[in-house]
Amino acid sequence: MTYTITSNCIGCQRCLSACPTAAIAVDGAQVRINESRCNQCADSFSVPQCWAICPTSNGCIEAIATTTPDYWETWFATYAHIVQRLRKTAKPQYWNAWFDRYAATLNQLQGNGPVTP
Ligand code: SF4
Ligand code: SF4
């Protein structure tokens with residue numbers, strides 16, 4: 001699975017510097033993700049950094065299936081996006097701690113490592 005930018009993009013270009021693999025570039029009047037460079041932020045982050053930093057709330061960056069869709073990957077990405085929005089509103093410290101704990105538990109359920117105490 002990789003990510004793509006939809007027509008809802010407002011062209012703010014925040015995602016360009018957020019991408020750890022330099023997969024995002026301006027192509028004419030559009031911002032695009034180079035699928036061959038996008039690694040879904042899997043090496044270093046629990047959520048796609050382009051998705052996390054995007055200021056829109058209208059599905060600007062979408063996951064697209066390039067292999068068999070994975071239920072938990074899709075579920076987690078959707079959930080993480082919602083929590084990311086909550087972090088920017090009330091009680092950010094509460095949500096940060098809650099989300100970190102939840103992400104660790106979900107990683108353990110996905111077989112990616114132990115749950116941290
Ligand atoms: S951060 Fe979102 S709105 Fe801004 S350029 Fe990237 S995809 Fe478009
Ligand atoms: S998912 Fe990560 S690697 Fe892929 S375009 Fe977004 S920020 Fe870059």
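Of the 13 residues that surround ligand 1, those that come nearest are Cys9, Cys12, Gln13, Cys15 and Cys54. Sorted by class, this shell comprises 10 nonpolar and three polar residues, with no charged residue among its members. The model described here is a predicted one, and the values reported below were computed from its atoms. Ligand 2 is likewise surrounded by 13 residues, of which Cys19, Thr21, Cys38, Cys41 and Cys50 are the closest. The shell around ligand 2 divides into nine nonpolar and four polar residues, and here too no charged residue is found.

The secondary structure of the protein consists of four helices and four strands, which follow one another from the N terminus in the order β-α-β-β-α-β-α-α. Of the 117 residues, 30% count as buried. When the contacts in the protein with a separation of 6 or more are considered, 59% of them are accounted for by residues that lie 24 or more positions apart.

The largest nonpolar core holds 15 residues, and the members that touch the most others within it are Tyr3, Ile5, Cys15, Ile24, Ile33, Cys50 and Ile61. Two or more residues are given to this core by each of strand 1 (2-5), strand 3 (30-33) and helix 2 (49-53). The surroundings of Ile5 illustrate how the core is put together: with neighbours within four places in sequence left aside, Ile5 is in contact with Cys15, Ile24, Val31, Arg32, Ile33, Cys60 and Ile61. Apart from this core lies another, which is made up of eight residues, including Phe76, Phe99, Ala103 and Leu106. Two of the residues named for the largest core also appear in the description of the ligand shells, since Cys15 is listed with the residues that come nearest to ligand 1, and Cys50 with those closest to ligand 2.A search of the whole structure for aromatic pairs finds one. The pair is formed by Tyr3 and Trp51, whose rings lie 6.2 Å apart from centre to centre, with an angle of 50 degrees between the planes, and the arrangement is accordingly classed as tilted. Because Tyr3 lies in strand 1 and Trp51 in helix 2, the pair ties together parts that are 48 residues apart in sequence. Both partners fall below the 20% limit that defines a buried residue: Tyr3 has a relative accessibility of 4%, and Trp51 one of 12%.

Helix 2 also contains Gln49, a residue that counts as buried at 18% relative accessibility. Leaving aside the neighbours within four places in sequence, the contacts of Gln49 are with Ala18, Pro20 and Cys41, and Cys41 is itself one of the residues closest to ligand 2.

The structure holds one salt bridge, in which the side chains of Asp27 and Arg32 meet at a distance of 2.8 Å from N to O. Side chains of opposite charge can pair when their charged atoms come close. Asp27 is partly exposed, with a relative accessible area of 45%, and Arg32 is also partly exposed, with a value of 41%. Arg32 is, in addition, among the residues in contact with Ile5.

How values were computed: Residues are numbered from 1 along each chain as its sequence is written. Chains are lettered from A and ligands numbered from 1 in the order in which they are written. This is a predicted model: local features need pLDDT of at least 70, side-chain atom pairs count only at pLDDT 80 or more; totals for chains, interfaces and linings use all residues. Side-chain values use heavy atoms; hydrogens and water are left out. A nonpolar core is a set of buried Ala, Val, Leu, Ile, Met, Phe, Trp, Tyr and Cys residues joined through side-chain atoms within 4.5 Å. Buried means under 20% relative accessible area, exposed over 50%, partly exposed in between (1.4 Å probe, protein chains only). Contact means heavy atoms within 4.5 Å. A residue is near a molecule or strand if one of its heavy atoms lies within 4 Å of it. Ala, Val, Leu, Ile, Met, Phe, Trp, Tyr, Cys and Pro count as nonpolar, Asp, Glu, Lys and Arg as charged, and the others, Gly among them, as polar. A salt bridge is a side-chain nitrogen of Lys or Arg within 4 Å of a carboxyl oxygen of Asp or Glu. Rings of Phe, Tyr and Trp (its six-membered ring) pair if their centres lie within 6.5 Å; planes under 30 degrees apart count as stacked, over 60 as edge-to-face and the rest as tilted.
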